[in-house]
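These are my notes from one sitting with the structure, kept in the order in which I looked things up.

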Amino acid sequence: MKPLAISAYTVTSAVGAGRAAHVDALRAERTGLTEQRFEDSALACWTGAVAGIEATALPRGLASFDCRNNRLAELALAQDGFSDAVGAARARYGARRIGVFIGTSTSGVRHTELAYRARAEAASDALPDWFDYRTTQCTGSIAEFTRLRLGLSGLASAVSAACASSAKVFASAARAIEAGFCDAAIVGGVDSLCLTTLYGFNALQLVSPEICRPADAARKGLSIGEAGGFALLERAPRSGAVACLGVGETSDAHHMSQPRPDGAVAKLAMAAALGSLPPERVSYINLHGTATPANDAAEDAAVSALFGAHVPCSSTKGWTGHTLGAAGIVEAALSLLVIEQGFMPRSLNTRELDPKLSAAVLLAARAGKVEYVLSNSFGFGGTNCSVLFGAAP
Amino acid sequence: MIACYIRGAGIAAPGLPGFPAARDTLRGVAPYVFAAETAYAPELLPPNERRRATASVRQAFRAAEDAVKGSGRDASALASVFASSDADMAVLHRICAALAQEPRVISPTDFHNSVHNAASGYWSIAVHSMALTTTLSAYDASFAIGLIEAAALVAAHRDVLLVAYDAVAPQPLLGKRPLAMSAGVALILSADAGGAAFGRIDVSLEAAAETACAVAALEPLRVANPALRALPLFELLAGRRAGIVNLRGTGEMCAQVSFTP
């Protein structure tokens, strides 16, 4: 693919709202995860809740979109001058010529859970009148909300490929721009806490009772977080500017909820993202690193097969938790911050590295020039996506 | 504008049971007769996955297998785009109902089937495809958004299977998302003109009014399911008739499709 300029970007997670909060937390090694239970969840586990969602109000004209997921989007869009940057792009390209590509796995399902709860409490057959399916539960709602919130009137696509959703938005946007369906793109991802994912991952025995410990010998599973992030992509980055340089997408074709153990197909996604860049030129890999035994082992096999044990890597889920459909954009933003700051974060909460893993997992932060960063995202359905960031040629 | 050659077409809806059987109805020479869809067991799925496949996955497979069968293409080599407004609302219903009572117990199979990309995952397993696949949602514009993505892949020299599908919800969700029927459509698109059985489409994004069905009896179906927003295009394909149709898109835009037999 042709490199795409990243003209603006922002991220909001349990760590904080906006880029500066993430830089601070990465450097201070301060997690956003807490042992607090989400609402009335009975599950004892760590979660990564975003502060301020409850107090966030949607603009009056978009009140019908009100739900936890769209509030999180609203909060995230307000950070780092992102909406203003989109406004300037809209003036340049026109509202119809900026496409919107937003990843989510569960969209507004928390709203549907509340509607079913209200129905049970009222001993009613019907869902309550306040429940609006199209604007909250529907997977497309997050793309439509983002489009309307940013004053755009063209393409609006929700990409929903489980935990790779908001990595794959970079590929969809790149294709749409190259094909001429739009001149610029808003990419992003928003996923919010809900009982569906807490109880669902728990049913699969993938939720850790402790804080998540990626790559640790005693890792017990993931900690679920919520997050929102966005980036503005344009054609023709100026030489030397940090850009999106490649995206690779493959399918394991193995199992609906387990990764292919040998990582062979995930490796193909990484190789496709690199294109002609030799693997040894990559400075740092932001791992998917969910801290489930199977994910970390399969990803390690893939990374080791392509990079050997030479390229420093870590998962940042020890800070944010696994933000599911938002993980791709969160880790894209963190990858960009790593390049800007010349700072590679360690694998947070990892006490003893699993001796069965062979990739160069960072147990201490490292400073130095960071040229190219690869970010991995994998999901249910066997979907693999890797995105390469670095200076444009 | 992106040129795509059509290698295969599939359809599965009440009264439109597969593209070959539906052809005369779509081109207006046979009357439309409503007939509820019979149960369908995806042919390409291994037994374990076939047992677990949900109604929406079966709907997607029904259209996709129809398109692949007619195309003579090796399905494993195709990239794929799955477009669905709502994925599986029966699974959503079971999970949300389970979470509204004590004890809260979600079935692990329901949870892995709850992802929007379940059909895409099952498809890659069924045809042993490691090629890229993506899954999109845009409410009633889902077909058009999927077609735009598929055309963009064709522009990048990929052969693509596009599948649009949605299945009717159980109550009480049906009251909030009142789809009148389950349905699916599929197309196999290529940048290469060689062996294109159905001619060519040129796809662009235009500010335009949606095109209604040419066959009046099909117009209620067009608005009955997001996948059937594609019916005006399928009428042109079935009739081998040149024409331009505008399909429901997002914002101010439609997917404009110009068909050349």
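Which residue of β6(A) is the bridge partner of A:I102? I looked this up before anything else, bearing in mind that I am reading a predicted model, and found that the partner in β6(A) is A:G188.

**Entry on β6(A).** I then followed the pairing outwards from that bridge. Strand β4 (residues 98-103) of chain A runs parallel to β6(A), and six bridges join the two. With β8(A) the sense is antiparallel, and here I noted eight bridges to β6(A); as one position in that pairing, I recorded A:V187, whose bridge partner in β8(A) is A:A231.

I next asked how far β6(A) is covered, and found that eight of its eight residues are buried. When I sorted the side chains by direction, A:A184, A:I186, A:G188 and A:V190 pointed one way, while A:A185, A:V187, A:G189 and A:D191 pointed the other way, and all of them are buried. I marked A:D191 for myself, a charged residue type that belongs to this buried set.

**Entry on the domains of chain A.** The division I worked with places domain 1 at 4-234 and domain 2 at 242-391, and the C-alpha centres of these two domains lie 21 Å apart. Looking at how they meet, I noted that 65 residues of domain 1 are in contact with 56 residues of domain 2. Several elements of chain A each supply at least two residues to the domain 1 side, among them β1 (4-13), α1 (19-28), β6 (184-191) and β8 (227-234), so that the strand of my previous entry and its antiparallel partner both appear here. The element that gives the most to this side is α7(A), with seven residues. By residue class, I wrote down 34 nonpolar, 22 polar and nine charged for the domain 1 side.

**Entry on chain A as a whole.** I listed twelve helices and 16 strands for chain A, and its C-alpha trace spans about 60 × 50 × 40 Å along the principal axes. I compared its radius of gyration, 20 Å, with the value near 21 Å that a compact globule of 393 residues would have, and the two agree. Of those 393 residues, 65% count as buried. Among the contacts between residues at least 6 apart in sequence, 80% join residues at least 24 apart.

**Entry on chain B.** For chain B I listed ten helices and nine strands, within a box of roughly 60 × 40 × 35 Å along the principal axes of the C-alpha atoms. Its radius of gyration is 18 Å, in agreement with the value near 18 Å for a compact globule of 261 residues. Buried residues make up 60% of this chain, and 72% of its contacts between residues at least 6 apart in sequence join residues at least 24 apart.

**Entry on the contact between the chains.** How many residues of chain B are in contact with chain A? I found 56, which meet 55 residues of chain A. The elements of chain B that each supply at least two residues to its side include α4 (89-99), α6 (118-126), β4 (133-137) and α7 (142-155), and α7(B) gives the most, with seven. The residues of that side divide into 31 nonpolar, 19 polar and six charged.

I also looked for strand pairing across the chains, and found that strand β5 (residues 156-159) of chain A pairs with β4(B) in the antiparallel sense over two bridges. My last note concerns A:A158, whose bridge partner in β4(B) is B:S137.

Definitions and conventions: Residues are numbered from 1 along each chain as its sequence is written. Chains are lettered from A and ligands numbered from 1 in the order in which they are written. This is a predicted model: local features need pLDDT of at least 70, side-chain atom pairs count only at pLDDT 80 or more; totals for chains, interfaces and linings use all residues. Domain bounds come from an automatic or database domain assignment. Two residues are in contact if their C-beta atoms, placed from the backbone, lie within 7 Å. Helices (H or I, at least four residues) and strands (E, at least two) are DSSP runs, numbered from the N terminus. The radius of gyration is taken over C-alpha atoms; the globule rule is 2.2 Å times the number of residues to the power 0.38. A residue is buried if 20 or more other C-beta atoms lie within 10 Å of its own, exposed if 12 or fewer, and partly exposed in between; C-beta atoms are placed from the backbone. Two strands pair if DSSP finds at least two bridges between them.
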